[in-house]
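Grab a coffee and open the viewer next to this page. Below are some short exercises, each with a solution worked step by step.

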Amino acid sequence: AVCSMGNSTSRLYSVLAKTLSSGAVSQHQDCLEQLDSAQLDPIDPKDLLEECQIVLQKRPPRFQRNFVNLKKNTGSNHRPIRVMQWNILAQALGEGKDNFVQCPMEALKWEERKCLILEEILAYKPDILCLQEVDHYFDTFEPLLSRLGYQCTFFPKPWSPCLDVEHNNGPDGCAMFFLKERFELVSSANIRLTAMKLKTNQVAIAQTLKCHETGRLFCIAVTHLKARTGWERFRSAQGCDLLQNLKNITQGAKIPLIVCGDFNAEPTEEVYREFSNSSLNLNSAYKLLSPDGQTEPPYTTWKIRPSGECRHTLDYIWYSQHALNVNSALGLLTEEQIGPNRLPSFNYPSDHLSLVCDFSFNQDPDRLL
């Protein structure tokens with residue numbers, strides 16, 4: 001099979017239009033995995049954003065969200081590291097299983113929804129991007145983001161619920177992307193989470209990166225824990241397993257750590273307390289947006305299903321508070337912006353809000369010990 005992903009002389013719309021259709025992905029996946037991103041011509045992000053906006057011209061404009069400055073005087077002259085966390089909503093689940101009763105099916109069409117997702121990513125320009133529920137990795141995100149300069153990693157769930165949906169695009173999973181011009185990959189681990197010594201269907205990726213500008217090492221991890229009420233103890237066990245893996249990878253917190261994830265857990269759950277009280281000395285970045293710096297946002301997901309309206313705080317960016325500073329965090333959408341039909345919608349492609357933070361290294365080396 002011949003895989004053509006476009007070239008620099010083609011209109012970028014062809015790059016978007018030719019990202020493989022759902023039915024074609026399985027027969028092209030081997031080819032896509034073999035493609036070396038160095039063989040593909042780079043894409044100018046401004047051009048790709050323009051192409052996305054052409055596709056989306058009949059949709060309402062993007063919501064405006066502002067960064068909240070949280071920076072204390074760190075004395076750092078280095079560029080901050082921007083990290084984006086987002087459960088983008090698996091296409092197969094959005095169309096087939098999740099039953100967003102107030103969301104028109106037209107709003108979930110992949111050809112437009114993928115442009116809304118890309119528009120959000122391109123608008124905030126993350127240095128590191130952590131995604132959950134990715135089921136269009138090989139036909140959309142890997143070929144496009146690799147051409148934007150990202151190194152890409154994907155770890156699918158062993159038994160993805162997407163596979164139960166007719167005309168699915170393969171399993172969903174976690175994906176991580178980092179800009180190669182800013183970081184060097186030192187080590188990478190794909191972790192299948194365990195609970196009560198049993199392997200589970202949930203996964204994580206943990207990568208140790210070296211920052212070119214500072215020479216500093218840090219670990220970035222992405223995960224997606226088990227969903228649904230009644231599985232609190234299960235999530236707690238998965239969280240303990242992930243923390244133990246991260247302790248080993250960071251040599252007991254000697255290497256600074258950032259953990260992004262959809263934990264499917266409110267701050268009242270045990271798994272949240274485990275992360276808060278871990279020996280890794282983690283703090284939740286989005287707490288810093290609250291007046292007291294101790295309270296999570298009122299919601300990170302808001303949707304309406306047949307069983308009723310669901311408004312929860314489930315998504316987090318954890319960080320080593322002894323080694324890293326949060327310079328700023330992206331404010332959430334307001335209830336007025338989200339609207340009465342909630343998420344997803346013609347305005348917003350997922351039922352979860354993206355979280356974005358700018359981090360800098362603490363300049364006091366003694367505090368790393």
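**Exercise 1. Aromatic rings**

Keep in mind that this is a predicted model. Start with this one: which residues are linked by ring pairs into a cluster?

*Solution.* Step one: pick out the cluster, in which ring pairs link Phe263, Tyr272, Phe275, Tyr316 and Trp318. Step two: get the overall count, which comes to 19 aromatic pairs. Step three: remember how such pairs are described, namely by the distance of the centres and the angle of the planes.

Now classify the pair Tyr137 and Phe154: stacked or edge-to-face?

*Solution.* The ring centres of Tyr137 and Phe154 are 4.8 Å apart, and the planes meet at 10°. Planes under 30 degrees apart count as stacked, so Tyr137 and Phe154 are a stacked pair. Next, place the two residues: Tyr137 belongs to helix H6 (residues 137-147) and Phe154 to strand S4 (residues 150-156), 17 residues apart, and the pair links distant parts of the chain. Last, check the surroundings: both Tyr137 and Phe154 are buried.

Do the same for Trp231 and Phe234: stacked or edge-to-face?

*Solution.* Here the centres are 5.1 Å apart with the planes at 85°. Over 60 degrees counts as edge-to-face, so that is the label for Trp231 and Phe234. As for accessibility, Trp231 is partly exposed, with a relative accessible area of 38%.

**Exercise 2. Following Phe234**

Where does Phe234 sit, and which residues is it in contact with?

*Solution.* First, locate Phe234 in helix H7. Then list its contacts, leaving aside neighbours within four places in sequence: Ala195, Met196, Thr200, Gln202 and Lys226. Take Met196 from that list: Phe234 and Met196 are 38 residues apart in sequence, yet their C-alpha atoms are 8.0 Å apart in space. Finally, zoom out to the helix: H7 (residues 232-249) lies across S6, strand S7 (198-211), strand S8 (217-224), strand S9 (257-262) and S10, and runs at about 150° to S6.

**Exercise 3. Reading a sheet**

What is the strand order in the open sheet of 6 strands, and which strands are at its edges?

*Solution.* Walk across the open sheet and you get S6-S7-S8-S9-S13-S10, with mixed pairing. The edges are strand S6 (183-195) and strand S10 (282-284), each of which pairs on one side only. On average, neighbouring strands in this sheet are turned by 20° against each other, direction ignored. At the S10 edge, 3 bridges connect S10 to strand S13 (residues 315-320), and the two run antiparallel. For a landmark there, find Ser284, which stands opposite Trp318 in S13.

**Exercise 4. An enclosed strand**

Why can S4 be called largely enclosed by the rest of the structure?

*Solution.* Count the buried residues: 5 of the 7 in S4 are buried, so the rest of the structure largely encloses this strand. Then look for its partner: S4 pairs with strand S5 (residues 173-179) in the antiparallel sense over 7 bridges. One bridge to look up is that of Tyr150, whose partner in S5 is Leu179.

**Exercise 5. Odd backbones**

Which peptide bond is cis, and what is the phi of Arg342 and of Ala253?

*Solution.* The cis bond joins Leu343 and Pro344, with omega about -10°. Pro344 is in the loop between helix H9 (335-338) and strand S15 (355-361), and Arg342 also has its place in the loop between H9 and S15. Arg342 is not a glycine but has a positive phi, near 60°. Ala253, in the loop between H7 and S9, has a positive phi of about 80° without being a glycine. Buried means under 20% relative accessible area, so Arg342 at 10% is buried, and Ala253 at 11% counts as buried too.

**Exercise 6. Polar and charged side chains**

What does the side chain of Asn327 pair with, and which rings have an arginine over them?

*Solution.* Asn327 is in strand S14 (residues 324-330) and counts as buried at 8% relative accessibility. Its side chain makes a polar contact of 3.0 Å with that of Ser360. Residues that Asn327 touches include Val68, Pro80 and Asp358. For the rings, Arg192 lies over the face of Trp159, 5.0 Å from the ring centre. The charged end of Arg311 sits over the ring of Trp302, at 5.1 Å from its centre.

Notes:
Residues are numbered from 1 along each chain as its sequence is written. This is a predicted model: local features need pLDDT of at least 70, side-chain atom pairs count only at pLDDT 80 or more; totals for chains, interfaces and linings use all residues. Side-chain values use heavy atoms; hydrogens and water are left out. Two strands pair if DSSP finds at least two bridges between them. Helices (H or I, at least four residues) and strands (E, at least two) are DSSP runs, numbered from the N terminus. Axes are lines fitted to C-alpha atoms, for helices over the stretch in contact, and angles run from 0 to 180 degrees between N-to-C directions. Contact means heavy atoms within 4.5 Å. Buried means under 20% relative accessible area, exposed over 50%, partly exposed in between (1.4 Å probe, protein chains only). A polar contact is a pair of N or O atoms within 3.5 Å; within protein, one must be able to donate a hydrogen and the other to accept it, and residues adjacent in sequence count only if both atoms are side-chain atoms. Rings of Phe, Tyr and Trp (its six-membered ring) pair if their centres lie within 6.5 Å; planes under 30 degrees apart count as stacked, over 60 as edge-to-face and the rest as tilted. A charge sits over a ring if NZ of Lys or CZ of Arg is within 6 Å of the ring centre and within 35 degrees of the ring normal.
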